[in-house]
Amino acid sequence: MKTSKLLFLLLICFQVSCNSQQQKINGISFVASGVPINETHATPVVKAQGNYVALMPFGFIKKLSSPNVIHNTKRQWFGETEGGLIQYAKEFRKSDIKIMVKPQIWVWNGEFTGYIDMDSEENWKILEDSYRSFIITYAKSAEKLNAEILCIGTELEKFVMKRPKYWQKLILEIKKVYSGKLTYAANWDEFKRVPFWSELDFIGVDAYFPLSDKKSPTIKDLELGWQPHKKEVLRIQKQFNKPILFTEYGYRSVDFTGKEPWDSKRIEGNVNLQAQVNGLKAIYNQFWKEEWFAGGFIWKWFHVHDKVGGDNNNRFTPQNKPAEKVLRELYKQD
């Protein structure tokens, strides 16, 4: 009898262990479009073994010193609005895909959001009120949708560092209207300085760390390049005792993809499909089996699957490239 009970307990422990391995966030950053989506658009995400999508409504700022966040207007693409977010989320729910709501800011001409900075206290107050309206709108939407995760901001370093009291108060306000888990998407060189990790559920990192100067780095090259960054990620994880979530990660299918992985501006560059594959395998090998790592969202995935990516595309999307097959195989393991 005692032996039977012991075997039963061991079986339960084994099942719990297996389930914990299956709970990684195998996420896909789903790009908003100008039209509603349907099963045709969701099916490729399911086939890629994604269990989460990041849905990204947008707010717009005219320049880095402008304090007004324009959002949820008829001039925006459907998928960038509140109505679009809700329609997209409901469609993915039909396929049992979980949701991270990830509202983002776009500065005209593609200026880096981390440099948003006001020149007066008056403008800071206007920005704070405007951003509060933006994020609370989508916090309420996330609650209506029972979204599993809400990302409260993306790569807003100067805003965060110069106005920490505002962000502490904002987090409290968000928690009054949204009951799910919270994160913030810090840039790869920002996450060490974010002052409010203790108030959130995940330490979010947009993981575009420089890994290799080689033209076509191998998996080994890239894993070696990860070592100092991984130590720093783990240091912050231990400091706050929160799981790490790669709110964005990915590699272009281009030469020197590991040198400046964040660089999306340079259109030119020889297509290098293998470099993208190696990047995905290296990041997966280094992080997905770590207990303190929650998972990540690959950047990026477009709604009309059969018309994007392909062997002549040197951009981030893995769609219709060898990287898509690799992603499917890696995500399927969890």
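**Exercise 1.** Work out how much space the largest pocket holds and what lines it.

*Solution.* Start with the volume: the largest pocket holds about 1300 Å³ of space. (A pocket is an open set of points on a 1 Å grid over the protein atoms alone, where a 1.4 Å probe fits, with protein on both sides within 12 Å along at least five of seven lines; lining residues have an atom within 4 Å of a point. The volume is the space filled by probe spheres set on the points.) This is a predicted model, where local features need pLDDT of at least 70 and side-chain atom pairs pLDDT 80 or more, but totals for linings use all residues. Numbering runs from 1 along each chain.

Next, the lining: 39 residues, with Trp-106, Gly-110, Glu-155, Ser-264 and Trp-299 nearest the centre. By class, 17 are nonpolar, 10 polar and 12 charged, with Gly counted as polar. Finally, strand 6 gives the most, three residues.

**Exercise 2.** Place strand 9 (residues 203-206) among its neighbours.

*Solution.* First, the side chains: Ile-203 and Val-205 point one way, Gly-204 and Asp-206 the other, and all are buried, that is, under 20% relative accessible area with a 1.4 Å probe, protein chains only. (Strands are DSSP E runs of at least two residues, helices H or I runs of at least four.)

Then the pairing, which takes at least two DSSP bridges. Strand 8 (residues 181-187) pairs with strand 9 in the parallel sense over three bridges, and Val-205 is the bridge partner of Ala-186. Strand 10 (residues 244-249) also pairs with strand 9 in the parallel sense, over four bridges; here Ile-203 partners Ile-244.

Note on methods:
Heavy atoms only, no water. Buried < 20%, exposed > 50% of the residue type's maximum accessible area, 1.4 Å probe, protein only.
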